[in-house]
Each structure stands twice: as structure tokens, then as C-alpha cells.
Amino acid sequence: MSSATTQAWPENNGGINLRLRFRNWRRSRPFWGGLLAMIAGVPILYFPYAKLNLSGMTVTMATTAGAGSMIIGLLMIALGVTAWFQPLVRIFCGVATTLLALISIPVSNLGGFGVGLVTGLLAGGLLMAWAPNPPAPAADAVPVGHAHRAADHGEAAAAHTAEQPAVETIHPLLPAQHHPADAPVADSGEPR
């Protein structure tokens, strides 16, 4: 089976089209960094207000910094959503997420018992490191010789490319490499 005989993906299939649209959306923004920032905000927000039951005994971890934990957790979730829908501010979101994760160490039970701290640091790094894909080259930008070779027109393409002169690259010379016009240049075959 060759590429000429294979069937194209069905355009009407909603599941495949929706999956491809989500994949394109996800690749055009710092998706994983934003997701980890939102996940990091949850334990930082949750643990100061949690009431855990251990063998019938209720353990309340409400701290005096409960409001600070709530603000840090909500800000991390908001930064994750912002990075998704405004990818241009990804550096700010990454720096702010990293700083909030570090501030959560003393404020929010060691950063949500380390879960929110580590996840927040990873999220900040991913947000700062993400870069958009470079734009695809336009179809008109392909040189004529390459377009004929890509089209594979046989001997006509080979004859057409043979008529074109070779393009030489011009490298700038350093000042010490310039030779005066009237000075003879030594031939590599002559002894010095």
C-alpha cells in the first residue's frame, strides 16, 4: 500500500476532529505547565482547612495562616488558567508560580506537605521554558530548483537545475585576510 492508495482521515468524525483540535490547542500554549500550576494550588489550598480522621480521632490542621494558604492556592490556580489562555504572559506566570511555591513553605504546612511545593516548582519551570513553535515556511518560499526536484519530473527537472548557475556563499573576510588588488596571491603549489 502506498501513500497514493491510502484513505484520508474522515473529516466528519467528531471524535477524531475534536481530538485533533484539542491537540493543536494544547500545542499552541504551555499546557502542561499550566496544568501543574493548577494541580499545585490544590494541596496548598486544601491542607490548612482539612479535617482528617485517624482511628476515630479528628485532626484539624487549621493554622493561623489559613488565609495566606487560600490566597496562594487560588493565585496558583489562576496563574495556570492565565498561562493557558494568554500564552504571551507565560514568563510572568512561571516566575510568579515559582515564587508562590517557595512562599508556601512557611505559610502553608511546608507547601502542602511538599506536594504543592514540588509540583509548583516544576510548573514554574515548565511555564518559563515553553516557547511557541516557529511558523511554518510558506509554500512560495521554496526555491524553483527544489520545487522541481520535489515534484520529481524526471529528466526535465534535472536539465532545468543543470541550467541554473551554482549559488556561491559569500563569507566576509577578516581585515587581515584582505589582499591588496595589485599584490600577487601565492599559489598553494609554490614553495615559500
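**Arginine 29 and a nonpolar surface patch**

Reader: In this predicted model, where is the place of arginine 29?

Author: The model is a predicted one, and two helices frame the position in question, namely α1, covering 14-27, and α2, covering 31-46. Arginine 29 has its place in the loop between α1 and α2.

Reader: Is arginine 29 buried or exposed?

Author: The relative accessible area of arginine 29 comes to 13%. Because buried means under 20% relative accessible area, arginine 29 is classed as buried.

Reader: Which backbone oxygen does the side chain of arginine 29 reach?

Author: Setting aside neighbours within four places in sequence, arginine 29 is in contact with Ala83, Trp84, Phe85, Pro87 and Trp130. Its side chain also makes a polar contact with the side chain of serine 28, at 3.2 Å. The backbone oxygen that the side chain of arginine 29 reaches, at 2.5 Å, belongs to tryptophan 84.

Reader: Which helix gives the most to the nonpolar patch on the surface?

Author: The patch is formed by Ile91, Val95, Leu99, Leu102, Ile103, Ile105, Leu110, Leu121 and Met128, which together have about 730 Å² of accessible area. Both α4 (90-107) and α6 (115-129) supply at least two residues of this patch. With six residues, the helix that gives the most is α4.

Reader: Is isoleucine 91 buried or partly exposed, and what is its relative accessible area?

Author: Isoleucine 91 is found in helix α4 and is a member of the nonpolar patch. Partly exposed covers the range between under 20% and over 50%, so isoleucine 91 is partly exposed, its relative accessible area being 42%.

Notes:
Residues numbered from 1 in each chain as written. Predicted model: local features only at pLDDT ≥ 70, side-chain atom pairs only at ≥ 80, totals over all residues. Heavy atoms only, no water. Helix = DSSP H or I, 4+ residues; strand = E, 2+ residues; numbered from the N terminus. Buried < 20%, exposed > 50% of the residue type's maximum accessible area, 1.4 Å probe, protein only. Polar contact = N/O pair within 3.5 Å; in protein donor to acceptor, adjacent residues only side chain to side chain. Contact = heavy atoms within 4.5 Å. Patch = residues over 30% accessible without salt bridge, like charges linked within 9 Å, V, L, I, M, F, W, Y side chains within 5 Å. Areas by Shrake-Rupley, 256 points an atom, 1.4 Å probe, with all protein chains shown as cover. Salt bridge = Lys/Arg side-chain N within 4 Å of Asp/Glu carboxyl O.
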